[in-house]
Amino acid sequence: MPENAGKKPRWRRWALEIALFVAAFLAFQAWQLRDTARGPAPQFAGVHTDGQAFDLAAWRAAHPGQPLLIYFWAEWCPICKTTAGSVENIAADRPVISIATQSGDAAAVARFMADQGYRFPTLPDPDGAIMKGYRLPGTPGFVVLAPDGRIRFVSVGYTSEIGLRLRLWWAGLGATT
C-alpha cells in the first residue's frame, strides 16, 4: 500500500483553510458594518475646499445613470493615505466626492490635499456629522451609490482600486441613461 494512501491532497487542506479565512473575514466585515446606513443615501450638502457649494441630490442629478463613490477619509488616518491614490485614479473617470472627516476646516483640508497632491473633490466635515449620517465605524470608508441613489456597497478599511472599480461597475449594471 502506498505511503500516501488515505491522506488528503495538500491542496484540499489549503483550499479549506482559505475558505475558512474568507468566511471569517466576510463575517467580521458584516458584523463591523451592521449599523451602517442602507437604502436611499442620506442627503448632505456643504462647501468644497475650493469654496463651491455641494449638494448630494444635485450632484446625483448631474451624473444620471452613473454609480457614484463617496470616500470618507481623515488626514490623521494612515490607511487613508494608502487608499487615496486609488481614489485619485478613479476620480479621473468616475464621479467621486470625498469627505474629509475630523480633519479641520476647509483651509486646513485644502493645505493637506495640496501637500499630498490630491485633486479629488472634497468637502470638509470638521465635526464628522456627514460620516455620522452614514453611521460608518471608521475611516477610510467607501460608499457606492447605485444610479437610483440607493446605497449599494459599503466598506471600511483598505480597499484596492480594482475592488472599488468592480463595485462601481456592479452598482451600475442595469442602469439606464
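This passage describes the fold, one central strand pairing, the aromatic pairs and one buried loop residue of a predicted model. Residues are numbered from 1 along each chain as its sequence is written, and side-chain values use heavy atoms, with hydrogens and water left out. Because the model is predicted, local features need pLDDT of at least 70 and side-chain atom pairs count only at pLDDT 80 or more, while totals for chains, interfaces and linings use all residues.

The protein chain holds 6 helices and 7 strands. Helices (H or I, at least four residues) and strands (E, at least two) are DSSP runs, numbered from the N terminus. Along the sequence, the order of elements is α-β-β-α-β-α-β-α-β-α-β-β-α. The chain has 177 residues, and 40% of them count as buried. Buried means under 20% relative accessible area, exposed over 50%, and partly exposed in between (1.4 Å probe, protein chains only). About 10100 Å² of the protein chain is exposed, with carbon and sulfur atoms supplying 59%. Accessible areas come from the Shrake-Rupley method with a 1.4 Å probe; for residues, only the protein chains shown count as cover. Among contacts between residues at least 6 apart in sequence, 69% join residues at least 24 apart. A contact means heavy atoms within 4.5 Å.

Strand β4 spans residues 96-101, and 6 of its 6 residues are buried. Val96, Ser98 and Ala100 point one way from the strand. Ile97, Ile99 and Thr101 point the other way. On one side of the pairing, β4 runs parallel to strand β3 (residues 68-73), joined by 5 bridges. Two strands pair if DSSP finds at least two bridges between them. Within this pairing, tyrosine 71 has serine 98 of β4 as its bridge partner. The chain passes from β3 through helix α3 (residues 78-91) to β4 in a right-handed β-α-β crossover. A crossover is right-handed if, with the strands pointing away from the viewer, the path from the first strand over the helix to the second runs clockwise. Strand β4 also pairs with strand β5 (residues 122-125), in the parallel sense and over 4 bridges. Here alanine 100 has proline 124 of β5 as its bridge partner. Helix α4 (residues 106-116) completes a right-handed β-α-β unit with β4 and β5.

The structure contains 12 aromatic pairs. Rings of Phe, Tyr and Trp (its six-membered ring) pair if their centres lie within 6.5 Å; planes under 30 degrees apart count as stacked, over 60 as edge-to-face and the rest as tilted. The pair of phenylalanine 72 and tyrosine 134 is tilted, because the ring planes lie at 55 degrees, with centres 5.5 Å apart. This pair links distant parts of the chain: phenylalanine 72 lies in β3 and tyrosine 134 in helix α5 (residues 129-134), 62 residues apart. Both residues are buried. Phenylalanine 112 and tyrosine 118 form an edge-to-face pair, 6.1 Å centre to centre and with 65 degrees between the planes. Phenylalanine 112 is buried at 14% relative accessibility. Tyrosine 118 is buried, at 14%. Both belong to one aromatic cluster with Tyr71, Trp73, Phe120 and Phe142.

Threonine 139 sits in the loop between α5 and β6 (141-145). Its relative accessible area is 16%, so threonine 139 counts as buried. Leaving out residues up to four places away in sequence, threonine 139 touches Phe72, Trp73, Ala74, Trp76, Cys77, Cys80, Thr101, Met131 and Val156.
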